[in-house]
Amino acid sequence: FFLEKKTKVTMSQFSHQLLFSFLEQSSFMLLLRLLNEHVQISATTRAPLSRKDIDALPKQEANQMEEEDKLNQEKFEFWGALPAENELHSMALAKGFGGI
């Protein structure tokens with residue numbers, strides 16, 4: 001089901017350019033491809049948030065952060081690569097980027 005819908009992310013044009021320049025220059029082509037396939041990025045003309053703006057955002061409550069920490073510590077088991085990803089996965093393994 002999640003493969004049918006793209007996750008929506010909004011960011012400034014500056015942040016968008018930085019992200020994609022970094023991914024392209026660092027040769028993170030698999031990550032770039034995953035972003036293109038599964039994330040719908042909307043670039044806005046407004047400037048990125050300042051530190052002051054970020055500090056003014058609502059904070060997470062302690063129990064919510066604890067739940068997220070527990071989820072992040074659980075072992076995640078991959079269930080396999082999509083057929084189109086097999087070649088990219090093999091290339092990543094050959095370059096020493098880990099595996100499943």
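Buried means under 20% relative accessible area. By that criterion, buried residues make up 9% of the 100 residues in this protein. The model is predicted, and the exercises below work through its computed features.

**Exercise 1. Describe the overall architecture: how many helices and strands are there, and in what pattern do they follow one another along the sequence?**

Solution. Step one is the count: the secondary structure comes to five helices and two strands. Step two is the order, which reads β-α-α-β-α-α-α along the sequence. Step three concerns contacts: of those with a separation of 6 or more, 67% are accounted for by residues 24 or more positions apart. Step four is the surface, where the accessible area comes to about 8900 Å² and carbon and sulfur atoms hold 57% of that area.

**Exercise 2. Check the length of helix H1 against the expected span, and state what Ser27 does just after H1.**

Solution. Helix H1 covers residues 13-25, which is 13 residues. The expected span is 1.5 Å times one less than the number of residues. For H1 this gives 18 Å, and because the end C-alpha atoms are 18 Å apart, the two values agree. Just after H1, Ser27 adopts a positive phi of about 60°.

**Exercise 3. Classify Phe20 as buried or exposed, and identify the residues it touches.**

Solution. First, place the residue: Phe20 belongs to helix H1. Next, apply the cut-off: Phe20 has 15% relative accessibility and therefore counts as buried. Then list the neighbours: leaving aside residues up to four places away in sequence, Phe20 touches Leu32, Asn36 and Ile41. Finally, consider a distance: Phe20 and Leu35 are 15 residues apart along the chain, and their C-alpha atoms are separated by 9.7 Å.

**Exercise 4. Determine the geometry of the aromatic pair and the accessibility of Phe22 and Phe28.**

Solution. The structure holds one aromatic pair. Phe22 and Phe28 form this pair, with 5.6 Å centre to centre and 45° between the planes. Planes under 30 degrees apart count as stacked and those over 60 as edge-to-face, so the rest are tilted; the pair of Phe22 and Phe28 is accordingly tilted. As for accessibility, Phe22 has 46% and counts as partly exposed, and Phe28, at 33%, also counts as partly exposed.

**Exercise 5. Which residues form the nonpolar patch on the surface, and which helix supplies the largest share?**

Solution. The members are Phe22, Phe28, Leu30, Leu31 and Leu34, with about 410 Å² of accessible area together. The largest share, three residues, comes from helix H2, which covers residues 29-38. Leu31 lies in helix H2. With 45% relative accessibility, Leu31 counts as partly exposed.

**Exercise 6. Locate the salt bridge and describe the setting of Arg33 and Glu37.**

Solution. Begin with the principle: side chains of opposite charge can pair when their charged atoms come close. The structure holds one salt bridge. Its partners are the side chains of Arg33 and Glu37, at 2.9 Å, N to O; the cut-off for a salt bridge is within 4 Å. Both residues lie in helix H2, four residues apart, about one turn of the helix. Arg33, at 30% relative accessibility, counts as partly exposed, and Glu37, at 33%, is likewise partly exposed. A last step follows Glu37 across the sequence: Glu37 and Lys5 are 32 residues apart in sequence, and their C-alpha atoms are 9.7 Å apart in space.

Definitions and conventions. Residues numbered from 1 in each chain as written. Predicted model: local features only at pLDDT ≥ 70, side-chain atom pairs only at ≥ 80, totals over all residues. Heavy atoms only, no water. Phe/Tyr/Trp six-rings, centres within 6.5 Å; stacked < 30°, edge-to-face > 60°. Buried < 20%, exposed > 50% of the residue type's maximum accessible area, 1.4 Å probe, protein only. Patch = residues over 30% accessible without salt bridge, like charges linked within 9 Å, V, L, I, M, F, W, Y side chains within 5 Å. Areas by Shrake-Rupley, 256 points an atom, 1.4 Å probe, with all protein chains shown as cover. Contact = heavy atoms within 4.5 Å.
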